[in-house]
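Hi everyone, thanks for making the time this morning. I'd like to walk you through a structure, so let me put it up on the screen.

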Amino acid sequence: MKPPIHYSPDLETIPDDEAETIEGLKATLLDIMETTSEHYGHAVRSVHAKSHGILKAELTVLPDLPPEFAQGMFAVPGVYQAVLRISTNPGDILSDSISVPRGLALKVMGVEGARLSGAEGNSQDFVMVNGPVFTAPNAKAFLKSLKLLAKTTDRAEWAKKALSAVLRGAERVLEAVGGGSATLQTMGGAPNVHPLGETYYSQTAFRHGHHVAKFSLVPVSETLTCHTEEIIDTKGRPDALREAVAVAAEAGACEWELRVQLCRDAEAMPVENPSVLWDEEDSPFVTVARLRANPQPGWSEARAQIVDEKLRFSVWTGLEAHRPLGSVNRVRRETYKMSSDFRGEFNRCPIHEPQTLDLPG
């Protein structure tokens, strides 16, 4: 196995038109939020608007990690308070029968160390999706996909349900012949799987102290793995995912492993193209921490009032030692801030980073 490469700013290549791409993304996301806020009378996130699970948890950084993995917040053992938010990717609040990829945001609080410029508070955020690669090779290509998704915002829900069923059928055909389409899944063709049985990935690259890495969060307790590949029956159940998460979260303690995959070849494991899979045979994921959520309510209006309304999750909230890398991550900096600022101003509820967090229930 090749040794991990050393982090260097030279690993990133910034295209001349990146500022234009950022402005295009901001305009598209703003359009989504203006549409939904006018409809709801309340501002929600421009993407991942609907939460299906909100869990308080504890992250334990493991002792005796190999030096290349014991980097940044994982350099020394420790125990941290954390909160998980499970969601799906549209920017409007939809019935769960419209199946789209799952997302998981993790906020770890009380993390000490030199912070990224502009990163408030003391949290380290991780933003993940239940697939190992991103849907686009760069931010400019992602903008094209986002514009397509934005056109469906706030359209007739019955049409979205019908389209989702058609796209799921098309995706099954592609899978049967050994293929698959990230675009179809994003638009509503993803399998309607149980969120707690899924493995989540950062998809994009990050600095990992002296090295470069991607992250994954893997279910390991039987209370979670029993739901892996489980299809949720959403017929007549607009909030079926919340119901499924609630049952699982109260059934017993849920445990995940937070794992790190180091970049060992800058060409085969590119920083700038998150649509390229980093081969686990060349660089396996290694567990650096364990996440545990004791039995609790999986979702409630009271929890949503705190996490959905008063918190933000951003890859740019955290340590310089875990600096986001690549074009998709770079454009997230201004777009995430614009999104949270819009919500705070529209709802007259400024969003701040918590030092600690106590969820009801």
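**Cavities, strands and a pocket**

Let me begin with the lining of the largest cavity: by class, it has 5 nonpolar, 5 polar and 4 charged residues. Before I go further, please keep in mind that this is a predicted model. On confidence, the chain averages a pLDDT of 89, and 89% of the residues score at least 70. There is a stretch to treat separately, residues 155-188, where pLDDT stays under 50. For that stretch the model has 56 contacts beyond four places in sequence.

Back to the empty space. Rolling a probe the size of a water molecule over the atoms shows where empty space is left. How many cavities of 30 Å³ or more does the structure hold? There are 2 of them. The largest holds about 70 Å³ of space. Its lining is made up of 14 residues, and those nearest the centre are Thr88, Leu94, Ser95, Asp96 and Ile98.

The second largest cavity has a volume of about 50 Å³. Which residues line this second cavity? They are Gln124, Asp125, Phe126, Val127, Ser202, Phe206, Phe215 and His322. By class that gives 4 nonpolar, 3 polar and 1 charged residues. Strand β4 gives the most to this lining, with 4 residues.

So let's look at β4 itself. This strand covers residues 124-129, and 5 of its 6 residues are buried. β4 runs antiparallel to strand β3, residues 102-108, and 6 bridges join the two. If you want a place to find that pairing on the screen, look for Val108, which stands opposite Gln124 in β4. Gln124 is also one of the residues lining the second largest cavity.

Another name in that lining is Phe215, and Phe215 takes us to strand β7. β7 is mostly covered, with 9 of its 9 residues buried. On one side of the strand point His211, Ala213, Phe215, Leu217 and Pro219. The other way point Val212, Lys214, Ser216 and Val218. Both sets are buried, and that includes Lys214.

What does β7 pair with? I'll take the partners one at a time. Strand β5, residues 200-201, pairs with β7 in the antiparallel sense over 2 bridges. There, Tyr200 has Leu217 as its bridge partner. Strand β6, residues 206-208, is also antiparallel to β7, over 3 bridges, and Arg207 stands opposite Val212. β6 and β7 form a hairpin with 2 residues between the strands, and in that hairpin Gly209 takes a positive phi near 65 degrees. If you like checking backbone torsions, that's a glycine to look up. Then there is β8, which pairs with β7 in the antiparallel sense over 7 bridges. In that pair, Lys214 has Gln261 in β8 as its bridge partner.

Now for two residues, one from each of those last two strands. Pro219 is in β7, residues 211-219. Is Pro219 buried or exposed? Its relative accessible area is 8%, and buried means under 20%, so Pro219 counts as buried. The residues it touches, leaving aside those up to four places away in sequence, are Leu196, Gly197, Glu198, Thr199, Leu224, Thr225, Glu255 and Trp256. Its C-alpha atom is separated by 7.9 Å from that of Cys254, and the two residues are 35 apart along the chain.

Trp256 is in strand β8, residues 254-262. With a relative accessible area of 1%, Trp256 is buried too. Its contacts, with the same sequence neighbours left out, include Leu55, Leu84, Leu196, Leu217, Val218 and Pro219. Also among them are Ala289, Arg290, Leu291 and Ala293. The C-alpha atoms of Trp256 and Thr225 are separated by 9.8 Å, with their positions 31 residues apart along the chain.

Last stop: a pocket. The second largest pocket has a volume of about 290 Å³. It is lined by 18 residues, and Val44, Ile93, Arg242, Asp308 and Glu309 lie nearest its centre. Where does the largest share of this lining come from? It comes from helix α7, residues 301-310, which gives 5 residues. By class, the lining has 7 nonpolar, 3 polar and 8 charged residues.

That's my tour, and I'm happy to rotate the model to any of these places. Thanks, everyone!

Conventions:
Residues are numbered from 1 along each chain as its sequence is written. This is a predicted model: local features need pLDDT of at least 70, side-chain atom pairs count only at pLDDT 80 or more; totals for chains, interfaces and linings use all residues. Side-chain values use heavy atoms; hydrogens and water are left out. Buried means under 20% relative accessible area, exposed over 50%, partly exposed in between (1.4 Å probe, protein chains only). Two strands pair if DSSP finds at least two bridges between them. On a 1 Å grid over the protein atoms alone, a cavity is a set of points where a 1.4 Å probe fits but cannot get out, and a pocket is an open set with protein on both sides within 12 Å along at least five of seven lines; lining residues have an atom within 4 Å of a point. Grid points are joined across faces, edges and corners, and a volume is the space filled by probe spheres set on the points. Ala, Val, Leu, Ile, Met, Phe, Trp, Tyr, Cys and Pro count as nonpolar, Asp, Glu, Lys and Arg as charged, and the others, Gly among them, as polar. Contact means heavy atoms within 4.5 Å. pLDDT is the predictor's confidence in each residue, from 0 to 100.
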